[in-house]
Amino acid sequence: MIKNVLVSVSGSPNSLMATKYAICLARVMQTKLFVVYVIDSKVLNELLKSRIFVEAEARAYERDLEQQGKVFLERIKKMADSRAVACETFLLRGSVSEEVINKINEVNADMLVMGEMKELTSRSAAFYDEGERIFRKSPCSVVMVKNHAMVENLYKELV
Amino acid sequence: MKLTDFLRPEFCLMDLKAGNKEAAIKELTSVLLPSGKVNDKEDFIKHIMERERLGSTGIGNHVAIPHAPTQSVNGLVVAFGRSMEGLDFQSLDGDEVNLIFLLGTNPQELGTYLKFLATLSRLLNNRQFREEFMTADSPAALIEVLKKHEKS
């Protein structure tokens, strides 16, 4: 029996759609919903190391991303509340894929919901794409949300 | 992240006329204007120059990536310029700069911006990529180089 659903979000339109679908699933299956937003400090550090960023700049971006993450998670919490779904949110920092996988294990998630991934241009792009890594390394089953119109309808009908 | 979704032939200058950093940034900004994605040219340049004052974005290997988030652009904008003679960009390695990538982003698109910069940075570590960018003979050829290395 599925008890815990986890959705990984980035603030993008695709991840918002994934969240709506995850709320629908959690409501129908009577499960708890965990929402994870990761501040990608790995890429910030990579840009610092390559000297494209200076320290003060990287920290400023980190603060901005944290603020955006907080706003997005608050929005999701309200969305879940409005559909009577128990929801817990996490604002993390680090490598996106590692943090999401760790959280899946920590909360014993049975299902991971993700937004649709963009087409990859190469094998090296696949190596660096965090969504791809999460998809492949997830210890639980993964649902990738694709049909946005259908999801919007499901979410609207869930009142 | 596909860089070619953002860098298009019309945003590429094969032979910059500018003789210094600020002039190059202004020249590159001008190629972005027809796209309509820069809604305040002066404010955009101001933000880019403010970032340069924190430290040069001339990162070595004859490359500079001036960049800044600002409300004066919609989405992510990218222009490329090549200076055959080389420009003094106060680069970290002291060398002149030949390849300049100018980036601006609306603060709402920070995630995309960071991914773009990280992908570009990885490509620019490749000597062959830099050499092919130096020798490409047209904006279309530049984009083909970019596509080829994105796929490799």
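In the predicted model, helix H2 (residues 41-49) of chain A packs against helix H3 (residues 55-82) of chain A at an angle of about 165 degrees. The axes of H2(A) and H3(A) are 10 Å apart. Angles over 145 degrees count as roughly antiparallel, and H2(A) and H3(A) are therefore roughly antiparallel to each other. Their crossing is right-handed. On the side of H2(A), the contact is made by Ser41(A), Leu44(A), Leu47(A) and Leu48(A). These residues meet Glu55(A), Ala58(A), Tyr61(A) and Glu62(A) in H3(A). By residue class, the contact of H2(A) with H3(A) contains five nonpolar residues, one polar residue and two charged residues.

Chain A also contains an open sheet of five strands, in which the pairing is parallel. The order of the strands across the sheet is E3-E2-E1-E4-E5. Strand E3 (87-94) and strand E5 (141-145) of chain A each have a single partner strand, so they stand at the edges and one side of each is left without a neighbour in the sheet. On average, neighbouring strands of this sheet are turned by 25 degrees against each other, direction ignored. At the E5(A) edge, strand E4 (residues 111-115) of chain A is joined to E5(A) by five bridges, and the two strands run parallel. Within this pair, Leu112(A) is placed opposite Val142(A) of E5(A).

Two helices of chain A are described here in relation to the sheet. Helix H2(A) packs on the sheet, where it touches strand E2 (32-40) and E3 of chain A. The direction of H2(A) makes about 5 degrees with that of E2(A). Helix H4 (residues 96-107) of chain A lies across strand E1 (4-9), E2, E3 and E4 of chain A. Relative to E2(A), H4(A) runs at about 155 degrees. H2(A) thus has contacts with strands E2 and E3 of chain A as well as with helix H3(A).

The contact between the chains takes 20 residues from chain A and 18 residues from chain B. On the side of chain A that touches chain B, H2 and H3 of chain A each supply at least two residues. The largest share of that side, six residues, comes from H3(A). The residues on the side of chain A that touches chain B divide into eight nonpolar, seven polar and five charged. Helices H2 and H3 of chain A, which pack against each other, therefore both contribute to the side that touches chain B.

Conventions: Residues are numbered from 1 along each chain as its sequence is written. Chains are lettered from A and ligands numbered from 1 in the order in which they are written. This is a predicted model: local features need pLDDT of at least 70, side-chain atom pairs count only at pLDDT 80 or more; totals for chains, interfaces and linings use all residues. Two strands pair if DSSP finds at least two bridges between them. Helices (H or I, at least four residues) and strands (E, at least two) are DSSP runs, numbered from the N terminus. Axes are lines fitted to C-alpha atoms, for helices over the stretch in contact, and angles run from 0 to 180 degrees between N-to-C directions. Two residues are in contact if their C-beta atoms, placed from the backbone, lie within 7 Å. Angles under 35 degrees count as roughly parallel, over 145 as roughly antiparallel, 65 to 115 as roughly perpendicular and the rest as oblique. A crossing is left-handed if the near helix is turned anticlockwise from the far one by less than a right angle, and right-handed if clockwise. Ala, Val, Leu, Ile, Met, Phe, Trp, Tyr, Cys and Pro count as nonpolar, Asp, Glu, Lys and Arg as charged, and the others, Gly among them, as polar.
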